[in-house]
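I opened this notebook to record what I looked up in the structure, entry by entry. The entries begin with a single residue and then move to the wider fold.

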Amino acid sequence: MVAANDGEDWVANLRSVGDVQAAAIAKLNKFLVGGLLRSFSGKGVDAAFCEDIAQEAIVKILNKLDQFEGRSRFTTWAMSIAIRGAVSELRKKRYQNVSLNQLSDGEQLQIEIPDDSAEQPEQLDERRNVVLKLKELIESKLSDKQRVALQGGLSGMTVDEVALHTGSNRNAVYKLVHDARQKLKRELEQAGYDGPTIQSLFS
Amino acid sequence: MPINNEQISKLLKMIATVQPDELDCDGCSQHLAEFAETQLLGKTVTESQKAIQIHLQNCHCCEIEFNNLLAALQGIDEE
């Protein structure tokens with residue numbers, strides 16, 4: 001675990017000039033590269049990649065010093081910025097070689113009524129009714145974008161992949177899906193199917 | 001492409017467990033460092049941190065970043 005450190009010293013030193021700032025940057029760089037190597041070892045990542053990511057992260061950190069609020073150690077905060085940069089870069093590299101045709105234009109969430117013939121008749125009826133209602137709500141209450149985003153997630157795509165495909169960003173896609181989930185929950189509740197009921201039927 | 005029974009169950013679970021005040025990805029990112037320290041130090045998750053926990057359960061992208069952050073911090077000593 002990271003040793004205790006003084007966030008204010010880091011901020012002050014990084015804001016400084018000359019040797020003090022250079023020493024702080026060098027120390028931070030060493031810390032970030034070590035963490036990146038530890039985190040991504042065995043994932044096709046080499047030291048040069050980690051050095052590049054650490055350099056880019058330090059530029060971001062220097063520009064964001066005002067945003068450090070001291071809720072965590074400075075180094076933990078800095079590492080979170082470096083990790084986000086690394087994950088983002090690795091995803092970009094992955095997308096260069098992966099087709100995103102999984103979510104073709106116009107492909108939207110469709111629900112087929114499941115064949116649950118092995119279930120007890122009473123439970124089967126209840127499950128079937130919930131699924132029928134869900135199908136109706138998806139078709140009548142959700143936007144095309146919401147259906148596409150849900151379909152992507154259920155097909156195993158990450159939020160980032162859906163965002164890339166739809167020309168959006170991670171946060172916007174997450175909100176799109178969240179709004180869809182809330183809308184469907186409200187409508188299902190109005191139809192008599194609250195959260196616990198649904199969970200007991202489909203656990 | 002129709003979804004299968006397993007995906008229907010997953011979708012219904014996502015619907016049943018949704019909270020109106022869930023953190024979005026940007027909000028989660030802002031608190032990821034402090035949450036990582038809570039986890040690494042074995043501290044109890046606070047009420048406000050439960051929102052981070054819920055987001056990480058629902059967002060695979062943020063979960064990946066969090067796990068990588070934990071891996072980066074584990075065992076590191078600054079000096």
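Entry 1. Single positions.

I first looked up Ser200(A), which counts as exposed because 11 C-beta neighbours lie inside 10 Å. I noted that the model is a predicted one. Ser200(A) has its place in helix 9 of chain A. I then took the C-alpha to C-alpha separation of Ser200(A) and Ser41(A), which is 41 Å in space for 159 residues in sequence.

I turned next to Glu126(A), which lies in helix 5 of chain A. Is Glu126(A) buried or exposed? Neither word fits outright: with 16 other C-beta atoms within 10 Å, Glu126(A) is partly exposed, because burial requires 20 or more such atoms and exposure 12 or fewer. Between Glu126(A) and Gln67(A) I recorded 51 Å from C-alpha to C-alpha, the two being 59 residues apart in sequence.

In chain B I looked up Leu40(B), a residue of helix 2 (residues 25-40) of that chain. Leu40(B) counts as partly exposed, because it has 16 C-beta neighbours inside 10 Å. The C-alpha atoms of Leu40(B) and Leu73(B) are separated by 8.4 Å, and the two residues are 33 apart along the chain.

Entry 2. Chain A as a whole.

I listed the secondary structure of chain A and found 9 helices and 1 strand. Read from the N terminus, the order of the elements is α-α-α-α-β-α-α-α-α-α. Chain A has 203 residues, of which 34% are buried. I also looked up the contacts in chain A between residues at least 6 apart in sequence; 66% of these join residues at least 24 apart.

Entry 3. The nonpolar core.

Which residues touch the most other members of the largest nonpolar core? I found Leu32(A), Leu36(A), Ala78(A) and Ala82(A), in a core of 69 residues. Helix 4 of chain A supplies the largest share of this core, with 9 residues. I followed Leu32(A) further: apart from its neighbours within four places in sequence, Leu32(A) is in contact with Ala54(A), Ala57(A), Ala78(A), Met79(A) and Ala82(A).

Entry 4. Helix packing within chain A.

I examined helix 2 of chain A against helix 3 (residues 47-63) of chain A, and their axes come within 9 Å and cross at roughly 130 degrees. The two helices are therefore oblique to each other. Their crossing is right-handed. On the helix 2 side the contact includes Ile25(A), Leu28(A), Leu32(A) and Leu36(A), and these meet a set in helix 3 that includes Cys50(A), Ile53(A), Ala54(A) and Ala57(A). By class, the residues of this contact are 12 nonpolar, 1 polar and 1 charged.

I then examined helix 7 and helix 8 of chain A, whose axes are 8 Å apart at an angle of about 105 degrees. Helix 7 and helix 8 of chain A are therefore roughly perpendicular to each other. Helix 7 contributes Val159(A), Asp160(A), Val162(A) and Ala163(A), while helix 8 contributes Arg170(A), Ala172(A), Val173(A) and Tyr174(A). I counted 6 nonpolar, no polar and 2 charged residues in this contact.

Entry 5. The contact between the chains.

How many residues does each chain give to the contact? I recorded 48 residues from chain A and 44 residues from chain B. Among the elements of chain A that give two or more residues to this side are helix 2, strand 1 (110-111), helix 5 (121-141) and helix 9 (195-202). Helix 8 of chain A gives the largest share of the side of chain A, 10 residues. By class, that side has 22 nonpolar, 15 polar and 11 charged residues.

My last item was a helix pair across the two chains. Helix 2 (residues 18-40) of chain A and helix 4 (residues 60-73) of chain B pack at an angle of about 120 degrees, and their axes are 7 Å apart. That angle makes helix 2 of chain A oblique to helix 4 of chain B. Their crossing is right-handed. Chain A provides Gly35(A), Leu36(A), Arg38(A) and Ser39(A), and chain B provides Asn68(B), Ala71(B), Ala72(B) and Leu73(B). I entered the classes of this contact as 4 nonpolar, 3 polar and 1 charged.

Terms used:
Residues are numbered from 1 along each chain as its sequence is written. Chains are lettered from A and ligands numbered from 1 in the order in which they are written. This is a predicted model: local features need pLDDT of at least 70, side-chain atom pairs count only at pLDDT 80 or more; totals for chains, interfaces and linings use all residues. Axes are lines fitted to C-alpha atoms, for helices over the stretch in contact, and angles run from 0 to 180 degrees between N-to-C directions. Helices (H or I, at least four residues) and strands (E, at least two) are DSSP runs, numbered from the N terminus. Angles under 35 degrees count as roughly parallel, over 145 as roughly antiparallel, 65 to 115 as roughly perpendicular and the rest as oblique. A crossing is left-handed if the near helix is turned anticlockwise from the far one by less than a right angle, and right-handed if clockwise. Two residues are in contact if their C-beta atoms, placed from the backbone, lie within 7 Å. Ala, Val, Leu, Ile, Met, Phe, Trp, Tyr, Cys and Pro count as nonpolar, Asp, Glu, Lys and Arg as charged, and the others, Gly among them, as polar. A nonpolar core is a set of buried Ala, Val, Leu, Ile, Met, Phe, Trp, Tyr and Cys residues joined through C-beta atoms within 7 Å.
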